[in-house]
Amino acid sequence: MQHLTILLVAFLVMNISGLLIMGEDKKRAKKHQYRISERTLWLVALFGGAVGTTAGMQLYRHKTKHLSFKFGFPFLAVIELVLFIKALM
């Protein structure tokens, strides 16, 4: 049971981080400040934060014109959700 708790906490932390990092990058873009690299955005998504980055992309309307983000983040989010649900079973 303990490994499920750790998995749940990690999933939540990465997805909240993904949501927040997309919001921060959008804020910086509007202010013409130094941006968060696309590599960092992808790494957060790849390490379990794809649901959050996808939600952030839609919520903040950020990176929606970039096809790699527009299709890649949701695709990765579906894979992560399937794996997460399988791990819970």
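Helices here are DSSP runs of H or I with at least four residues, numbered from the N terminus. On that footing, Lys27 and Glu24 sit 3 residues apart in helix α1 (residues 2–30), so about one helical turn separates them. This is a predicted model, and its protein chain has 3 helices and 0 strands. Here's a quick tour, from the overall build to the helix packing and then the salt bridges.

**Overall build**

- Reading from the N terminus, the elements of the protein chain go α-α-α.
- The C-alpha trace of the protein chain spans about 45 × 20 × 20 Å along its principal axes.
- For 89 residues, a compact globule would come out with a radius of gyration near 12 Å, and the protein chain's 14 Å agrees with that.
- Of the 89 residues in the protein chain, 31% are buried.
- Take the contacts in the protein chain between residues at least 6 apart in sequence: 68% of them join residues at least 24 apart.

**How α2 meets α3**

- Helix α2 (residues 38–59) packs against helix α3 (residues 67–88) at an angle of about 80 degrees, and their axes are 8 Å apart.
- Since angles from 65 to 115 degrees count as roughly perpendicular, that makes α2 roughly perpendicular to α3.
- On the α2 side, the residues in contact include Leu41, Trp42, Ala45, Leu46, Val51 and Met57, along with Gly48 and Gly49.
- On the α3 side, Phe69, Phe73, Pro74, Leu76, Ala77 and Leu81 are among the residues that meet α2, and so are Lys70 and Glu80.
- Sorted by class, the contact of α2 with α3 has 13 nonpolar, 6 polar and 3 charged residues.

**Salt bridges within α1**

- Side chains of opposite charge can pair when their charged atoms come close.
- The count of salt bridges comes to 4.
- One of them joins the side chains of Lys27 and Glu24, at 3.4 Å from N to O.
- Lys27 is partly exposed, with a relative accessible area of 42%, and Glu24 is also partly exposed, at 25%.
- Glu24 and Lys27 belong to a network of salt bridges that takes in Arg28 as well.

**Salt bridges that reach across the chain**

- Arg35 forms a salt bridge with Asp25, and their closest N and O atoms are 3.0 Å apart.
- That pair links distant parts of the chain, with Arg35 in the loop between α1 and α2 and Asp25 in helix α1, 10 residues apart.
- The two ends of this bridge fall into separate burial classes: Arg35 is partly exposed at 33% relative accessibility, while Asp25 is buried at 0%.
- Glu38 and Lys63 also meet through their side chains in a salt bridge, at 3.1 Å from N to O.
- Here too the pair links distant parts of the chain: Glu38 lies in helix α2 and Lys63 in the loop between α2 and α3, 25 residues apart.
- Glu38 is partly exposed, with a relative accessible area of 35%.
- Lys63 has a relative accessible area of 10%, so it counts as buried, given that buried means under 20%.
- Glu38 does double duty, as it is bridged to Lys63 and is also listed among the α2 residues that meet α3.

Conventions. Residues numbered from 1 in each chain as written. Predicted model: local features only at pLDDT ≥ 70, side-chain atom pairs only at ≥ 80, totals over all residues. Heavy atoms only, no water. Axes fitted to C-alpha atoms, helices over the stretch in contact; angles between N-to-C directions. Helix = DSSP H or I, 4+ residues; strand = E, 2+ residues; numbered from the N terminus. Parallel < 35°, antiparallel > 145°, perpendicular 65-115°, else oblique. Contact = heavy atoms within 4.5 Å. Nonpolar A, V, L, I, M, F, W, Y, C, P; charged D, E, K, R; others polar. Buried < 20%, exposed > 50% of the residue type's maximum accessible area, 1.4 Å probe, protein only. Rg over C-alpha atoms; globule rule 2.2 N^0.38 Å.
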